[in-house]
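Dear colleague,

I am passing on a structure that you have not worked with before, and I would be glad if you could look it over alongside the notes that follow.

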Amino acid sequence: MIKGKIIKAISGFFYVESDNGIIECKARGILRKKNITPIIGDNVIISTTDLNCGIIEEVMPRKTELVRPPVANIDKVFITFAVKEPNPNLSLLDRFIVFSEKVGLDIVILLSKMDLDERLEKTMIIADEYSKVGYKVIPVSTITGQNMDKVKLEMKGCTSVFAGQSGVGKSSIINSIVPELSLETSEISHKLGRGKHTTRHAQLFKVDEDTIFADTPGFSSFEINDIEADELKHYFIEFSALSECRFGNKCIHKNEPDCVVKEAVEDNKISKRRYESYLQILDEISSNNSFGRKNREKDGIYVKSKNRKNGR
Ligand SMILES: Nc1nc2c(ncn2[C@@H]2O[C@H](COP(=O)(O)OP(=O)(O)OP(=O)(O)O)[C@@H](O)[C@H]2O)c(=O)[nH]1
Ligand SMILES: [Mg+2]
Ligand SMILES: [Zn+2]
């Protein structure tokens with residue numbers, strides 16, 4: 001038996017880095033029966049039939065698990081958004097933050113292609129908004145090399161993942177930090193204003209024993225699953241910094257009176273745009289839930305969830 005870590009997964013094959021080098025593996029059928037799908041970042045135990053082929057026998061418990069892109073055991077996420085080309089979709093950024101908060105990851109926001117924003121106006125506005133929330137924001141450019149040393153420093157000693165829309169320059173950033181990787185990159189489609197999904201598979205790379213990172217394929221939309229309406233507020237960290245609302249922990253900061261979050265928005269202490277982003281996601285969760293419930297009721301299998309609040 002050999003211990004290793006999955007660094008790449010393509011069409012049912014897993015590439016496991018071990019003391020014996022990289023071994024191509026299949027997963028043992030029993031794992032599927034147990035509902036375990038190995039993903040990159042997983043620490044696994046494999047058996048080998050010959051030198052170049054192995055079977056994943058066991059997947060060790062995961063410290064963290066990011067569902068999209070699927071990567072296990074990461075500490076930090078570099079959420080990468082371009083200031084231009086493609087134009088940043090901040091609602092998508094907020095969604096990604098929500099998921100990263102839920103997983104419990106350290107979050108660093110990379111504002112890429114700052115060289116395209118000559119007077120840095122847009123860069124400053126976005127950086128300001130998210131720094132105020134409490135996030136570390138690093139504007140970068142692979143053309144001028146600006147702040148690349150800061151990204152490198154942030155990567156050191158942890159397992160991180162670069163995630164964000166297609167075409168924002170994730171692979172380019174990695175290339176400028178670790179040039180020998182020569183990852184494939186390509187221009188965005190100017191007609192469509194978005195990237196071409198150049199990176200097809202997530203892959204882990206090792207800089208040293210403690211510094212590991214993943215490049216991942218870009219995404220263009222993000223559905224909110226597995227988050228309850230009364231849970232969402234915890235992932236907008238600027239809300240939690242305020243004192244409690246009149247309805248305490250039950251307040252979802254929407255229609256309740258004397259809500260400190262709504263007051264903070266009125267007083268410009270919390271970004272109105274972030275609050276609207278919150279409401280938008282909240283609505284989506286509620287309509288997903290009632291849609292899901294209707295379908296379950298139709299199938300006669302609806303059971304009222306114990307933890308659903310407000311008698312809904
Ligand atoms: N002006 C400018 N262009 C950049 C910068 N970084 C990357 N690019 C360009 O942006 C385009 C997309 O870069 P990629 O690195 O392929 O983007 P990606 O995020 O990996 O995209 P996917 O793999 O599709 O998710 C390429 O043409 C890069 O040359 C930058 O700092 N400034
Ligand atoms: Mg890429
Ligand atoms: Zn409230």
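Domain bounds, as used below, come from an automatic or database domain assignment. Please keep in mind that this is a predicted model. The assignment divides the protein into domain 1 (2-61), domain 2 (66-215) and domain 3 (232-298), and the C-alpha centres of domain 1 and domain 2 lie 28 Å apart. To the contact between these two, domain 1 gives 13 residues and domain 2 gives eleven residues.

Together domain 1 and domain 2 bury about 970 Å², of which 61% is on carbon and sulfur atoms. On the side of domain 1, 44% of the area buried against domain 2 is supplied by Ile 7, Ile 39 and Ile 40, which is more than any other three residues supply. As for polar links, one salt bridge is counted between domain 1 and domain 2, and three residue pairs are in polar contact there, both residues being at pLDDT 80 or more. Lys 206 and Glu 17 are joined through their side chains in a salt bridge, at 3.5 Å from N to O.

The other site to look at is that of the zinc ion (ligand 3), whose protein donors are Cys 245 (SG), Cys 251 (SG), His 253 (ND1) and Cys 259 (SG), at 2.1 to 2.4 Å from the ion. Along the chain, these donors are spaced as C-x5-C-x1-H-x5-C. The site is tetrahedral, with angles of 102 to 120° among the four donor atoms of the zinc ion; the ideal angle for four tetrahedral donors is 109.5 degrees. Of the donors, Cys 245 and Cys 251 are both buried.

With best wishes

Note on methods. Residues numbered from 1 in each chain as written. Chains lettered and ligands numbered in written order. Predicted model: local features only at pLDDT ≥ 70, side-chain atom pairs only at ≥ 80, totals over all residues. Heavy atoms only, no water. Donors = N, O, S within 2.8 Å, 3.2 Å for Na, K, Ca; no water. Tetrahedral: all angles 85-135°; square planar, octahedral: opposite > 155°, others 65-115°. Buried < 20%, exposed > 50% of the residue type's maximum accessible area, 1.4 Å probe, protein only. Contact = heavy atoms within 4.5 Å. Buried area = accessible area lost by both parts, 1.4 Å probe. Salt bridge = Lys/Arg side-chain N within 4 Å of Asp/Glu carboxyl O. Polar contact = N/O pair within 3.5 Å; in protein donor to acceptor, adjacent residues only side chain to side chain.
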